[in-house]
Amino acid sequence: MNGYEMNYDVIVCGGGTSGFSAAIQAARGGASVLLIEKTGCLGGQLTVSGPPGFAYARLFNCFGQQDSKGIIEETHQRLYREGHALPHYRPKHRVGAAYTFSYIDPEWWILMAFDMCEEEGVTLLLDALVTGAVMDGNRICGVVVEDCGGRHEIHGKVVIDCTGEGYVASYAGCEMSMSPIDVLEPHTICFTADGVDWDKLLRYVNRHPDQFNYNQLLNPNAPITLEEIMQAYEKAIDPMELGELMGFNDLREMALQNGDWHPYSGAGFFLMPKEGGKVLAHFQHSSQWDKTSPYDAWAMSRCHIECRKQIRIAWRFFKNYVPGFEHAYIVKMGTELRIREGAMIVGDYVLTGEDIGNTCRFEDSIGLSSFPAGAFHTTNVNTLNAIGKNNGSETKRFPKGSYEIPYRVLVPKDVDNLLAAGKCVSTDRNGHMRFVAQTFVTGQAAGAAAALAVKKGCTPREIETCVGELQEILKTSGAVVFAKDLK
Ligand SMILES: Cc1cc2nc3c(=O)[nH]c(=O)nc-3n(C[C@H](O)[C@H](O)[C@H](O)COP(=O)(O)OP(=O)(O)OC[C@H]3O[C@@H](n4cnc5c(N)ncnc54)[C@H](O)[C@@H]3O)c2cc1C
């Protein structure tokens with residue numbers, strides 16, 4: 001390709017939250033960085049196929065200590081200063097469950113991400129699909145890319161797989177693990193609505209707090225009862241106090257009996273604040289389809305078709321059954337599937353649900369999380385079957401505070417010069433690290449490790465023997481690396 005640079009220190013594949021963080025941190029570490037993304041946009045499931053209703057969540061553990069900092073906190077502050085984020089929202093009924101919200105506006109996040117890539121000198125290659133790995137024995141030395149210019153190779157000293165589904169690692173021949181298709185979590189197409197009469201809906205919520213599901217807000221380590229949570233919903237005077245409304249149990253049951261609901265997902269949505277006090281309703285649990293491998297485009301196509309049929313059904317339900325939706329209208333529908341579960345690399349360490357339940361500590365920690373183990377979505381009207389069961393084996397779900405994430409989950413066990421970050425890092429099913437905050441933490445660490453490996457002229461695996469240097473870089477970059485450093 002004439003005129004374009006085809007050799008980089010670090011190639012980051014996938015421009016979601018993990019890829020964005022990895023690219024920014026690697027560039028700050030002095031590496032020349034190429035970020036390749038198959039869509040024309042940055043943010044992945046945070047922006048293109050999302051957002052999560054509240055965008056950033058769970059930045060604080062159940063003791064109210066902030067455990068996810070570094071680039072995620074930097075972007076929250078930056079958007080807050082620009083008027084596109086709200087202060088961290090930590091009401092009592094959320095803190096105990098470590099389920100706090102830190103609202104950011106996903107559309108403005110996109111603009112900020114493009115600015116930051118430019119500021120840090122990250123080269124972007126958009127609308128380009130990575131379709132293969134260039135290998136020299138068990139060492140990756142580049143990727144094969146297909147874009148409107150054709151098919152070409154781009155070379156890099158370290159490649160970071162941030163594709164969410166571990167596509168690059170699988171092309172490189174890494175050992176991967178994926179749940180059997182019959183139990184794989186369903187994928188979703190999200191949509192967003194405006195025009196809700198929030199006062200009317202709030203009156204319904206205040207009178208019927210028993211109609212909603214609160215299992216995500218209950219945590220055995222938190223001093224809060226179901227009654228107290230319901231009281232918060234009963235007394236709420238601003239819809240933003242609720243954050244999410246999941247259930248509408250009697251209405252949904254009535255609709256099911258009338259043939260006006262479908263059996264594949266629950267009814268519910270998240271509240272999405274916009275400028276000037278405006279609030280949108282964002283749906284990510286009202287359409288979903290299971291038994292779909294993210295490695296099978298034909299199955300994914302069926303998933304697209306079925307999820308869109310379910311959006312029609314869901315919308316008819318909200319308009320006809322739910323108070324406040326009479327004049328509401330859809331303003332945005334995802335063009336990409338939101339994929340909950342796919343393949344993960346098998347790394348030098350496999351983080352397990354049991355580790356999380358035991359609030360694990362590691363000498364090679366690169367960051368923290370307090371997201372519980374074993375939260376699975378299923379295709380039924382309860383949607384979130386968060387019971388910590390994995391094909392019959394139960395796990396202790398809730399960490400006591402924050403647990404540490406070891407560097408080795410980013411390092412695939414059988415390929416050199418490759419790192420993974422985001423959803424596809426090495427865990428068992430109960431330990432799946434798919435929450436947005438976790439993808440920032442692993443992305444930033446992978447970026448720092450890649451730049452350090454380039455600087456030292458070693459492989460990312462060899463960084464395991466001098467991980468203290470990596471930890472120092474992360475601390476200087478604002479991350480919280482060890483639980484003992486929590487304030
Ligand atoms: C329905 C649903 C609801 C969720 N709700 C929440 C929530 O409420 N809170 C929360 O914190 N998390 C939530 N999550 C999880 C979270 O949003 C995602 O796990 C997270 O955003 C994933 O980040 P990532 O960077 O690992 O991957 P992604 O965001 O998936 O980014 C991967 C990027 O790689 C690109 N890509 C893929 N393959 C290629 C390729 N071959 N070549 C080039 N580019 C490629 C993609 O286009 C994408 O931009 C939810 C997930 C789903 C599915």
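**Two helices, α1 and α12**

All 12 of the 12 residues of α1 are buried, so this helix is largely enclosed by the rest of the structure. Buried here means that 20 or more other C-beta atoms lie within 10 Å of the residue's own, exposed means 12 or fewer, and partly exposed is in between, with C-beta atoms placed from the backbone. Helices are DSSP runs of H or I with at least four residues, strands are runs of E with at least two, and both are numbered from the N terminus.

Two remarks on the source. This is a predicted model, where local features need pLDDT of at least 70, side-chain atom pairs count only at pLDDT 80 or more, and totals for chains, interfaces and linings use all residues. Residues are numbered from 1 along each chain as its sequence is written.

Back to α1, residues 17–28. Its buried residues include Phe 20, Ile 24 and Arg 28. They pack against several elements, among them β1 (7–13), α4 (106–120) and α11; contact means C-beta atoms, placed from the backbone, within 7 Å. After α1 comes Gly 30, with a positive phi near 95°.

Now α12, residues 467–476. Which residues of α12 are buried? They are Val 467, Leu 470, Gln 471, Ile 473 and Leu 474. Seen down the axis, these fall within an arc of 160°, so they line one face of the helix; the arc is that of the directions from the helix axis to the C-beta atoms. On the other side of α12, Gly 468 and Thr 476 are exposed. The cover over the buried residues of α12 includes β18 (365–369) and α11 (436–456). Just after α12, Gly 478 has a positive phi of about 95°.

Technical notes
Contact = placed C-beta atoms within 7 Å. Expected span 1.5 Å × (residues − 1).
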